[in-house]
Amino acid sequence: MKLCMLLFFGCMLCCAVATAQTDTIHRLDEVVVLADRYVKQENIGQKKISVSKLQIEHNNNNPTETLRFNSAIAVRDNGNGGASSARFRGTSASNTAFLWNGININSFGLGQTDLNGISLATADEIIVKSGGGSIKYGSGAIGGTVHINDYLKFKKHQTVELVSSYGSFQTTSNYIAVNLGEQKWSLKLASTYHQSKNDYELIDKRFKDSEGEFYKNENGAYKNYSISLSAGYQFSQKNNLRFYTTSYKGDRLFSGALPNPSAADEKYIDLNQRNLLVWDVENYALHHTLKAAFLTQEYRYFEDKNEEDYDFGNSNTFVFNYDLRYQWSSKTSFNAFVDLQNIQGKTNKIPSHKREQYSLALGLHSEIRANWKYNLEVKKESNSDFKVPIIISLGSEYKWGHHQSILMNISSNYRVPTLNDLYWPGQGNLDLIPETSKQVDVGYQYIGKEFTLKSTFFYIHVLDKIVWTSNGDESRPNVWVPINLEESFHKGLELFASWEHSLGDISSLDVTANYIYTEAVNNETQKQLIFVPKHLFNTTINYRLKKMAVYLQNMLQSKVYTSDDNIEQLSLSGFKLFNLGCKFSLLEQKKSSLYLGMSVKNVFNELYQYSNLRPMPGRNYNINMNYKFN
Amino acid sequence: MKITKQLCKLLMIAILLVSCQDDKVELVERDYSNGVLISGEGSGAGTGSISYISKDQSSKFQFIYLSANGVELGTFLQSMAFSEDNAFVIVDNANTITVVDKATFIKVGEITTNLTTPRYMAVVGDKGYVTNWGNPNSETDDFIAVVDLTTYTVSKTIAVGNGPEQIIEKDGKLYVSHKGAYSYNNIVSVIDIATDVVTEITVEDNPDELFFNDNGDLVVLSEGRTIYNADWSVGGNTIGAIQTIDVSSNMVTTSLEFEEGEHPSLMAFSEENIYYYLSGKVYKIASNATALATEEVVSQFLSGMSVANDELHGVNGNYSEQSDYYVFDLTSSEQLYTTKVALGAAKIYFLEE
């Protein structure tokens, strides 16, 4: 294994050296207004990558697959289509904050976002930011943040985009997006629809039914729809008002595990609604951003899909925040941020509970020299449920030459206990305190014309991790309760590399790759945390020749342990996955374009699983089309 | 040229990472018929599994079903039952009973249909009687599945009250404790095997463990329950008790009641003594005792226990890693042995030739 590692790093190095000889990048900035400026422009010293619309499309607009194949996040689902959680650097799923246009959408009950319970199809961009330095996003951003952003363009435009795909297991994914705009106003209307019977063969050769056939993934069907609208009005170049709204309904069954998948009969419904109003004004040296949001989330869990009874939980969240930036000089700006939140949540077993939180963050952006920037942020939150520590983030970026820079970030962060942690009947624990973390990131970046390398070493110390355990309460043995139990250390290396090369007008090639090495160790046992792969690697190669484009996606994950004591019998083997796709342009005119494509997923029919005895789909096929007109 | 080089490098990385993988389990055939079997329920960390410890504790084998068959059981392994030649492994979430050779644990058959949340099984001749919760939330779909052990099929079902749990047989009658699945219950069902007639005996709330004492009386442990208010605050408790039932009249003859708020969870019987577990302590009383014990014989957190030859065997189930297994000498209260056993260890079975 050591030898493997050595060879592996050797190769990575070769790659980096061989391609790091390129020139400056010149891209035209479009007149785009992001709902969330902070992560893109103001956060210094941390590794950020963006996942494009094309990459989302390559993965059939499936959020779980999109992050798996395009980021360094470990995404684990409970069978294809089941509950799906995302973890940065071996931290827990509740340490990954999902932000929709800058608003945290992690659930109040569980503190995390289920990737199979959201839709990304209508998003224009996903930004994946590793590390705990985004302190404005507060609770849950220990490991990193995933930003789902919608663009609004303030220029004359009109496009309609229609994307549809159909494939194995009666899986279909569709969306339509209409973008309209003028200098003064902009509108985006989008809707998605996904459905799958999801009855793929469970290709574990050890398990066959009485006829000698593979078992099928029973009770795995899902369908979900969403509709969203973004609208903006620009009073002047420096004064605009935007409104975003989206509704999602997901309806899925939870499939069974081997050896008897027919035993499954659970059903789960997600209902989410989010609204956000943003007012952005720039006035001389002052930049004000006002946001007001109202979010509702609800789940319904049917233990038996044939019965009427279900368990439910819902929450209503009001968010109001004000962000003020003062440009003191050409080099220095100050920032003040006030955030008020009111969350009300309940389940059929937990009576309604209200949490109020107020926070104030202060920031300074400045530079020591023209090529040496830094920012310092401090945040204090006051929360009606517990004491929350003051958190800080210090980031710095030192550039030399045109392409190279050193990044550094030191930060602390926290995660507050969830509604379930505190109030689950008979089990919740009111004595819980927030999890806290301290983190250091040191990175090197090379951003050239064709080649980009982003690398960062990380070190995280997480304290008072909330763990549900059957031995948590001495007076009540065998009752599962959450306690502030674990302390863990996470260290490793994250790499992102991309290379794009065009050969005249007729063909181009681009390659992107992510790699993360993670040692996430429980301080008491010195064992690797469960479900944390040491190696995670993915790459996409796109090649375009005239009217044809092909892509290859590859993903590798090393073995993960599933038990705290890291015993071999309770582990899931590592695997490699390859997806292959191509598309042809049938129509390419000024007014309209049409692509037809097809893809083969899991080309080598590899048996792989993220949860015990829940094999993921074997080789499967898909045809898709993308039609745009204006 | 340059492109090809890059692609080759990427491919090399891929191949390297992938070639660093582990090998599969090798099948082994051993004799597990003389020792202790510990069944673990399993959890999200791994499926149900069975550990074996030889009688003299000189050898221990984990994952014996996996070693014998190359495949895992499902989750959660609720209990096991035994016939002359076979062992029956009941996995409730998978609605499955796996039949294995008792000595080697090599699979000989399985029952995967007509079971809904199966819990425990009693073997009587060539029939198995399996308690089933049905949908655990429903109080009206519970049943006993009668399994033909020559064909491994469910030949018929007998409807019973909510949440049937443990089941034992004596003189042509089945005795079933009704712990009540996800809600609660307070009955013991008596089923006449010849006629399927079901009679109910009322006991204290949440009866679970039961056995016959040397007098031929049925002894039942009822855990009692915690009552919650509408807002899920604790509103009170019903009492737990060890009750003795005269099966000729189906009347409760003695009732040893626990203090309010005390909920005993385990009970074992050996050589005319009853052993019960309450909040981290094991107590011992004679089977004709008229009062509960005041002093414990062993102090240890347990989630499963069995008693034989003046030794207490206990497990403290851990659902995120291997569990602890203990053996105590009941005369001296000393711990004789401890080791790690199955994930989510819950039940202990003594097998002797």
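What share of the 353 residues in chain B is buried? Buried residues make up 58% of chain B. The structure is a predicted model, with chain A built from five helices and 33 strands and chain B from two helices and 30 strands. In chain A, too, the buried share is given, at 58% of 630 residues.

**Chain A: overall form**

- Chain A contains five helices and 33 strands. Its radius of gyration is 24 Å, and the globule rule gives 25 Å for 630 residues, so chain A is as compact as a globular protein of that length.
- Along the principal axes, the C-alpha atoms of chain A occupy a box of roughly 70 × 60 × 55 Å.
- Of the contacts in chain A with a separation of 6 or more, 63% are between residues 24 or more positions apart.
- Chain A has an accessible surface of about 26,200 Å², and carbon and sulfur atoms account for 57% of that area.
- Chain A carries 66 positive and 63 negative charges, and the mean positions of the two sets are 7 Å apart.

**Chain B: overall form**

- For 353 residues, a compact globule would have a radius of gyration near 20 Å, and the 23 Å of chain B agrees with this.
- The box filled by the C-alpha atoms of chain B, taken along the principal axes, is roughly 90 × 55 × 50 Å.
- Residues 24 or more positions apart supply 43% of the contacts in chain B that have a separation of 6 or more.
- About 14,400 Å² of chain B is exposed, with 46% of it from carbon and sulfur atoms.
- The side chains of chain B include 20 positive and 49 negative ones, and the centres of these two sets lie 12 Å apart.

**Nonpolar cores**

- The largest nonpolar core holds 28 residues, and those with the most contacts inside it are L67(A), I73(A), F98(A), I126(A) and V128(A).
- Two or more residues of this core come from each of these elements of chain A: β2 (48-51), β5 (96-100), β7 (125-130), β8 (144-149), β15 (266-283) and β16 (286-302).
- V128(A), one of the residues with the most contacts inside the core, touches K47(A), K48(A), I49(A), V51(A), L67(A), S71(A), I73(A), F88(A) and T145(A), when residues up to four places away in sequence are not counted.
- L67(A) and I73(A) are thus among the residues that V128(A) touches, and both are also listed among those with the most contacts inside the core.
- A second, separate core has 25 residues, including F207(A) and L613(A) from chain A and L37(B) and F105(B) from chain B.

**Cis peptide bonds**

- Most peptide bonds are trans. The bond from L258(A) to P259(A) is instead cis, with omega near 5°.
- P259(A) sits in the loop between β14 (239-254) and β15 of chain A.
- In chain B, T75(B) and F76(B) are joined by a cis peptide bond with omega of about 0°.
- F76(B) belongs to the loop between α2 (64-69) and β4 (77-82) of chain B.

**Positive phi in chain B**

- Most residues other than glycine have a negative phi. T117(B) is not a glycine, yet its phi is positive, near 50°.
- T117(B) lies in the loop between β7 (107-111) and β8 (118-124) of chain B. This residue counts as buried because its relative accessibility, 11%, is under 20%.
- N206(B), also not a glycine, has a positive phi of about 60°.
- The loop between β15 (198-202) and β16 (207-212) of chain B holds N206(B). With a relative accessible area of 10%, N206(B) is buried.

**N318(B) and its surroundings**

- N318(B) is in the loop between β27 (311-316) and β28 (322-329) of chain B.
- The relative accessible area of N318(B) is 17%, which is under the 20% limit, so N318(B) is buried.
- Apart from neighbours within four places in sequence, N318(B) makes contact with S323(B), L343(B) and G344(B).
- Between N318(B) and Q243(B) there are 30 Å in space, C-alpha to C-alpha, and the two are 75 residues apart in sequence.

Note on methods
Residues numbered from 1 in each chain as written. Chains lettered and ligands numbered in written order. Predicted model: local features only at pLDDT ≥ 70, side-chain atom pairs only at ≥ 80, totals over all residues. Heavy atoms only, no water. Helix = DSSP H or I, 4+ residues; strand = E, 2+ residues; numbered from the N terminus. Rg over C-alpha atoms; globule rule 2.2 N^0.38 Å. Buried < 20%, exposed > 50% of the residue type's maximum accessible area, 1.4 Å probe, protein only. Contact = heavy atoms within 4.5 Å. Areas by Shrake-Rupley, 256 points an atom, 1.4 Å probe, with all protein chains shown as cover. Lys, Arg positive; Asp, Glu negative; His and termini not counted. Charge placed at Lys NZ, Arg CZ, Asp CG, Glu CD. Core = buried A, V, L, I, M, F, W, Y, C linked by side-chain atoms within 4.5 Å.
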